[in-house]
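Colleague: I'm new to this one and I'd like to understand the reasoning behind the labels. Could you show me the model and let me quiz you?

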Amino acid sequence: MTNTLFDALLAAGRRDLSRRFALLPDGRDYSYEAVEAVSARFANVLTKLGLQPGDRVAVQVEKSIEALMLYLGTVRAGGVFLPLNTAYTPAEVEYFLTDAKPRVFVCDPKKRDQLAPIAEAAGATIETLGVWASEGQSAGSLSDKALAASNRFATVERGPEDLAAILYTSGTTGRSKGAMLTHANLLSNAEVLKETWRFTEDDVLLHALPIFHTHGLFVASNTLLVAGGAMIFLPKFDVDEVFRHLGQATSMMGVPTFYTRLLADERLSRETAGHIRLFTSGSAPLLAETHRAFEARTGQRILERYGMTETNMNTSNPYDGERRAGTVGFPLPGVSLRIADPETGAELPVGEIGMIEVKGPNVFSGYWQMPEKTASEFRKDGFFITGDLGLIDADGYVSIVGRGKDLVITGGFNVYPKEVELAIDELPGVVESAVIGVPHKDFGEGVVGCVVAKEPLEEEAVIGALKDKLARFKQPKRIVFVDELPRNTMGKVQKNILRERFAGLLS
Ligand code: AMP
């Protein structure tokens, strides 16, 4: 039986199962043999829970090697993996479960009581998974079942066009959309990144990204698996831990915040970074200044790339050629990228700013149960309209100049203003609001809410009232009160004016 993604992800590792796949935070080595066995255990448990090919497995758990094995086990059992940001509140989780109707929902043991009624209402079986404890200690119902299950499993047949994952992206209209990613989407991108970035079985990737997002789950983990390499699997980005391990790693993938934090630490030098052959950055714009400062301190030029949940990776600066600060490089092999007039879709000449549109095996197959939304985001000739504004220069380098959809990216996480605005507008005393991102030295951008009120309101009270409604990273860091929102003649709020006015608020 063939399973397009799982077979390819394990192919290199299976050549020598005794090799290391991961170094864990407690110092343990995790072999490819363990990857084979634990993914089989999870696949057995899921199958026993009634998982049929195509069924979703929604997962909101802390980062652990077992959570990564649960992803592989789901794909192996023919399921569709649906990871959720650990910061999502129960109200947000309820939306995802109701929308995606997963067969199984796996959560943190600590959240079980709170989330069980929500899972039940959505028709999902609830299971728990904590960090797998070593000495026979329970780490949740799913790990108990996995430990008792067989470590052999006949992988379920799945083809290139079958779904392997659904990743939700926030929607500008306030409604999140589930991006459907096929086996072929994920595999093609992993293979292209392995070649482009020269990953081999000798590589050791320092993995400090979350695994509920495309960057940590697919860009990092799939690429290393396909290469048969290893990862130093850290629970999160902790500067001390990163410095402790830099000398053992050959590569690190990061969001810009990682690099500004490293730069703020006096330990960063040619020596401490000297074992790394490749630093990559993505998920948000890397300031040219950060790129230059990093090179001055370490002698290494960060390789910036560009992608998104719906498309996987689209472009990358070259491995050998010039890595140009402030650009995201060239389209990856197999990816067609053009700059189009946002209104008409007509292709624009070199150097002109327009909508970035992409087509290729990396591009998702549509939004879950939103055929109209899907249709409206694709051109007739199959190009996906990314929502990012950019240009291609005379040398072919792509630059992103802005986000058409006013997305705020804070610490690598996306916040769609509309969602926060809807929550603010519901509060008593609020007339309307506009949410913007303003420069923040640690997070890149921070969320700020500009509020028009009909009665005197306190900033703290507004921020406090949003705590239970929104994940922490979406909550405004500041609320400012304005007499009215600036609007253009078409009635659209001019967020650029607000951004300029409050640019210094968080710095
Ligand atoms: P996500 O779906 O969470 O991966 O977010 C995708 C969005 O992040 C893209 O549409 C871009 O707006 C932004 N993004 C990703 N990589 C970069 C980059 N290197 N430079 C600027 N923006 C980026």
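Colleague: What makes strand β8 "mostly covered"?

Modeller: This is a predicted model, and in it six of the six residues of β8 (residues 177-182) are buried. Buried stands for under 20% relative accessible area.

Colleague: Which residues of β8 point one way, and which the other?

Modeller: Lys177, Ala179 and Leu181 point one way, while Gly178, Met180 and Thr182 point the other way. They are all buried. That fits the general pattern, in which side chains of a regular strand alternate between the two faces of the sheet.

Colleague: How do you know that β8 pairs with strand β7 and with strand β18?

Modeller: Two strands count as a pair if there are at least two bridges between them. β7 (residues 163-169) is joined to β8 by six bridges, running antiparallel, and Tyr168 has Gly178 as its bridge partner there. For β18 (residues 366-367) there are two bridges, also antiparallel, so the cut-off of at least two is met. Met180 has Gly366 as its bridge partner in β18.

Colleague: On to the ligand. What makes Asp388 a buried residue?

Modeller: Its relative accessibility is 12%, and buried means under 20%, so Asp388 qualifies. Asp388 is found in strand β19 (residues 384-392). Among the 17 residues around the ligand, Asp388 is one of those that come nearest, along with His213, Arg305, Thr309 and Asn414.

Colleague: Why is the pair formed by the side chains of Asp388 and Tyr306 called a polar contact?

Modeller: The distance is 2.8 Å, and the limit for such N or O pairs is 3.5 Å, so it falls within the limit. Within protein, one atom must also be able to donate a hydrogen and the other to accept it.

Colleague: Which polar atoms lie 2.6 Å, 2.9 Å and 3.2 Å from the ligand?

Modeller: A polar side-chain atom of Thr309 lies 2.6 Å from a ligand oxygen atom. For Glu304, a polar side-chain atom is 2.9 Å from a nitrogen atom of the ligand. With Ser283 a polar backbone atom is involved, 3.2 Å from a ligand nitrogen atom.

Colleague: Why is one side of β2 and of β15 left without a neighbour in the sheet?

Modeller: They belong to an open sheet of nine strands, in the order β2-β1-β10-β9-β11-β12-β13-β14-β15, with mixed pairing. β2 (29-31) and β15 (330-331) stand at its edges and each has a single partner strand, so one side of each has no neighbour in the sheet. Helix α2 (residues 32-48) packs on this sheet, touching β1 (20-23) and β2, and its direction makes about 65° with that of β2.

Colleague: How do you know that β11 and β12 pair up in that sheet?

Modeller: Four bridges join β11 (residues 251-254) to β12 (residues 278-281), and the two run parallel. At least two bridges are needed, so they pair. Ser251, for one, stands opposite Leu278 in β12.

Colleague: Last one: which strands are at the edges of the sheet β23-β24-β25?

Modeller: This open sheet of three strands has mixed pairing. β23 (430-440) and β25 (478-481) are at the edges, each with a single partner strand, so one side of each lacks a neighbour in the sheet. β23 pairs with β24 (residues 444-453) in the antiparallel sense over ten bridges, and His440 stands opposite Gly444 in β24. Helix α13 (residues 417-425) lies across β23, β24 and β25, at about 140° to β23.

Technical notes:
Residues numbered from 1 in each chain as written. Predicted model: local features only at pLDDT ≥ 70, side-chain atom pairs only at ≥ 80, totals over all residues. Heavy atoms only, no water. Contact = heavy atoms within 4.5 Å. Axes fitted to C-alpha atoms, helices over the stretch in contact; angles between N-to-C directions. Near = heavy atom within 4 Å. Buried < 20%, exposed > 50% of the residue type's maximum accessible area, 1.4 Å probe, protein only.
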